[in-house]
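Me: Please take a close look at one part of this structure, and show how it is tied to its surroundings. I would like a single connected account in plain words.

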Amino acid sequence: MAGDNIVAVESDKQRVRLISESENLVTTLISGFKAGKPAINKTRDKMYFIDVKSAKVYILRRENSWQPEPQPSAPYRQS
């Protein structure tokens with residue numbers, strides 16, 4: 001994310017969008033799943049989202065043009 005970019009999570013519309021004010025551009029990064037709140041790392045070059053329905057974790061990296069990469073799920077163990 002550059003300095004002026006905004007990440008918008010539209011849970012009701014099931015999409016995550018990147019908004020660039022300086023470029024007057026809105027890009028849909030992910031659609032078709034209900035995302036929870038994002039986690040963004042300190043250097044602002046990675047974002048993490050959880051699909052609320054499937055509990056899958058997605059990572060988006062600046063170096064990969066913010067394309068979503070589903071992460072393998074860890075096995076669930078009930079204690």
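## From a side-chain contact to a strand

Reply: The side chains of Asn5 and Ser20 are joined by a polar contact of 3.4 Å. The model is predicted, and the account below should be read with that in mind. The part to look at closely is strand β6, and this contact is a way into the chain that holds it.

Asn5 belongs to strand β1, which covers residues 5-10. Asn5 counts as buried because its relative accessibility is 15%, and the cut-off for buried is under 20%. Leaving aside residues up to four places away in sequence, Asn5 touches Leu18, Ile19, Ser20 and Arg44.

One of those neighbours, Ile19, sits in strand β2, residues 15-20. Its relative accessible area is 26%, so Ile19 is partly exposed. With residues up to four places away in sequence again set aside, Ile19 touches Asp4, Asn5, Ile6, Ala8, Leu25 and Val26. Ile19 and Val7 are 12 residues apart along the chain, and 6.3 Å separates their C-alpha atoms.

A salt bridge links Glu10 and Arg15, with 2.6 Å between the closest N and O atoms. Glu10 has a relative accessibility of 23%, so this residue is partly exposed. Arg15 is also partly exposed, because its relative accessible area is 25%. Side chains of opposite charge can pair when their charged atoms come close. The structure holds two salt bridges; the other one comes up with β6.

Now the wider setting. The protein chain has seven strands and zero helices, so read from the N terminus its elements run β-β-β-β-β-β-β. Of its 79 residues, 24% are buried. Its accessible surface comes to about 5,700 Å², and carbon and sulfur atoms account for 48% of that. Among the contacts between residues at least 6 apart in sequence, 18% join residues at least 24 apart.

Where does β6 sit in the sheet order β4-β5-β6-β7? These four strands form an open sheet with antiparallel pairing, and β6 stands between β5 and β7. The edge strands are β4 (39-40) and β7, each of which pairs on one side only.

Starting from the β4 edge, two bridges pair β4 with β5 in the antiparallel sense. Here Ile40 has Met47 in β5 as its bridge partner. Strand β5, residues 46-50, is then joined to β6 by five bridges, and the two run antiparallel. One position to find in this pairing is Lys46, which stands opposite Arg61 in β6. The hairpin of β5 and β6 has six residues between the strands, and Ala55 there takes a positive phi near 65°.

On its other side, β6 is joined to β7 (residues 68-70) by three bridges, again antiparallel. Ile59 stands opposite Glu69 in β7. The hairpin of β6 and β7 also has six residues between its strands, and in it Ser65 takes a positive phi near 55°.

Glu69 also has a charged partner. Its side chain meets that of Arg61 in a salt bridge, with an N to O distance of 3.2 Å. Both Glu69 and Arg61 are buried, whereas Glu10 and Arg15 are partly exposed.

How many residues of β6 are buried? Four of the five are, so the strand is largely enclosed by the rest of the structure. Val57 lies in this strand, which spans residues 57-61. Val57 is partly exposed, because its relative accessibility is 32%. In a regular strand the side chains alternate between the two faces of the sheet.

Val57 also takes part in a surface feature. With Tyr48 and Ile50 it forms a nonpolar patch, and together the three have about 230 Å² of accessible area.

To put the view of β6 together: its pairing with β5 has five bridges, and its pairing with β7 has three. Arg61 stands opposite Lys46 and forms a salt bridge with Glu69. Val57 contributes to the nonpolar patch on the surface.

How values were computed. Residues numbered from 1 in each chain as written. Predicted model: local features only at pLDDT ≥ 70, side-chain atom pairs only at ≥ 80, totals over all residues. Heavy atoms only, no water. Patch = residues over 30% accessible without salt bridge, like charges linked within 9 Å, V, L, I, M, F, W, Y side chains within 5 Å. Areas by Shrake-Rupley, 256 points an atom, 1.4 Å probe, with all protein chains shown as cover. Salt bridge = Lys/Arg side-chain N within 4 Å of Asp/Glu carboxyl O. Buried < 20%, exposed > 50% of the residue type's maximum accessible area, 1.4 Å probe, protein only. Pairing = 2+ DSSP bridges. Contact = heavy atoms within 4.5 Å. Polar contact = N/O pair within 3.5 Å; in protein donor to acceptor, adjacent residues only side chain to side chain.
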